[in-house]
Amino acid sequence: MITIEYLRQFRIGEYAVFDIVISFLGIYLLSPLLSKLFLKFRIEIPKRNWLFLTLPIGILVHLLTGNMTLMTKDFMDIHSHYVLKILILVLLILGIKGIKITKKPKE
């Protein structure tokens with residue numbers, strides 16, 4: 001039987017591949033629903049932008065909940081992990097780039 005501990009042993013650097021893949025898979029599956037939800041608030045977010053925003057949203061959620069994962073700790077460390085900080089910033093910019101505010105439909 002495969003356990004989560006076994007799946008989490010495969011790593012890219014110090015981060016578990018399983019956790020990253022599950023995050024992107026979850027956002028991929030939820031993106032149509034999230035896009036429809038935000039359209040009700042007149043915010044158009046393309047489905048691919050949700051994939052760009054996966055890691056930045058994950059770090060934000062972990063900060064808000066106080067769950068300091070390794071990536072969150074590394075991102076908040078002001079003395080190192082500059083590649084991670086640049087990656088998250090680039091993903092945030094790419095994710096925000098395609099977002100549009102739609103006009104209220106004419107009645």
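# Close-up views of a predicted model

**Figure 1. Helix H6 has the span expected of its length.** In this predicted model, the end C-alpha atoms of H6 lie 22 Å apart, which agrees with the 22 Å that its 16 residues should span at 1.5 Å a residue. Seen down the axis of H6, the buried residues fall within an arc of 130 degrees, so they line one face of the helix. Those buried residues are Leu84, Lys85, Ile88, Leu91 and Gly95. They pack against strand S2 (15-16) and against three helices, H3 (47-52), H4 (54-65) and H5 (70-76). The face turned away from the buried side carries the exposed residues Val83, Ile86, Ile93 and Lys97.

**Figure 2. Leu92 belongs to a nonpolar surface patch.** The patch covers about 420 Å². Leu89, Leu92, Ile93, Ile96 and Ile99 make it. Leu92 sits in helix H6, residues 82-97. Leu92 counts as partly exposed because its relative accessibility is 33%, between the 20% limit for buried and the 50% limit for exposed. Ile93, another member of the patch, is among the exposed residues on the face of H6 turned away from its buried side.

**Figure 3. Arg8 and Asp19 form a salt bridge.** Their side chains meet at 2.6 Å, N to O. The pair links distant parts of the chain, 11 residues apart. Arg8 is in the loop between helix H1 (4-7) and strand S1 (11-12). Asp19 is in helix H2, residues 17-39. A search of the whole structure finds one salt bridge. Both partners are partly exposed: Arg8 has 36% relative accessibility, and Asp19 has a relative accessible area of 31%.

**Figure 4. Helix H4 has buried residues covered by other helices.** Thr54, Leu55, Pro56 and Ile59 are buried in H4. What covers them includes H2, H3, H5 and H6. The 12 residues of H4 should span 16 Å at 1.5 Å a residue, and its end C-alpha atoms are 16 Å apart, which agrees. Gly66 follows H4, with a positive phi near 80 degrees.

**Figure 5. Arg42 and His81 have positive phi.** Arg42 is not a glycine, yet its phi is positive, about 65 degrees. Arg42 is placed in the loop between H2 and strand S3 (43-44). At 37% relative accessibility, Arg42 counts as partly exposed. His81 is also a residue other than glycine, and its positive phi is near 60 degrees. His81 lies in the loop between H5 and H6. At 28% relative accessibility, His81 counts as partly exposed.

**Figure 6. Ser35 is a buried residue of helix H2.** Ser35 has its place in H2. Its relative accessible area is 8%, and buried means under 20%, so Ser35 counts as buried. Leaving aside residues up to four places away in sequence, Ser35 touches Ile45, Pro46, Lys47 and Trp50. Asn49 is 14 residues from Ser35 along the chain, and 9.7 Å separates their C-alpha atoms.

**Figure 7. Glu5 is an exposed residue of helix H1.** Glu5 lies in H1. At 62% relative accessibility, Glu5 counts as exposed, because exposed means over 50%. Glu5 and Met68 are 63 residues apart in sequence. Their C-alpha atoms are 19 Å apart in space.

**Figure 8. Ile78 is an exposed loop residue.** Ile78 is found in the loop between H5 and H6, as is the partly exposed His81. Ile78 is exposed, with a relative accessible area of 62%. From Ile78 to Thr54 the C-alpha distance is 22 Å, with the two positions 24 residues apart along the chain counted as their separation. Thr54 is one of the buried residues of H4.

Conventions: Residues are numbered from 1 along each chain as its sequence is written. This is a predicted model: local features need pLDDT of at least 70, side-chain atom pairs count only at pLDDT 80 or more; totals for chains, interfaces and linings use all residues. Side-chain values use heavy atoms; hydrogens and water are left out. Patches are made of residues with over 30% relative accessible area and no salt bridge: like charges are joined within 9 Å, nonpolar side chains (Val, Leu, Ile, Met, Phe, Trp, Tyr) within 5 Å. Accessible areas come from the Shrake-Rupley method with a 1.4 Å probe; for residues, only the protein chains shown count as cover. A salt bridge is a side-chain nitrogen of Lys or Arg within 4 Å of a carboxyl oxygen of Asp or Glu. Helices (H or I, at least four residues) and strands (E, at least two) are DSSP runs, numbered from the N terminus. Buried means under 20% relative accessible area, exposed over 50%, partly exposed in between (1.4 Å probe, protein chains only). The expected span of a helix is 1.5 Å times one less than its number of residues. The arc is that of the directions from the helix axis to the C-beta atoms. Contact means heavy atoms within 4.5 Å.
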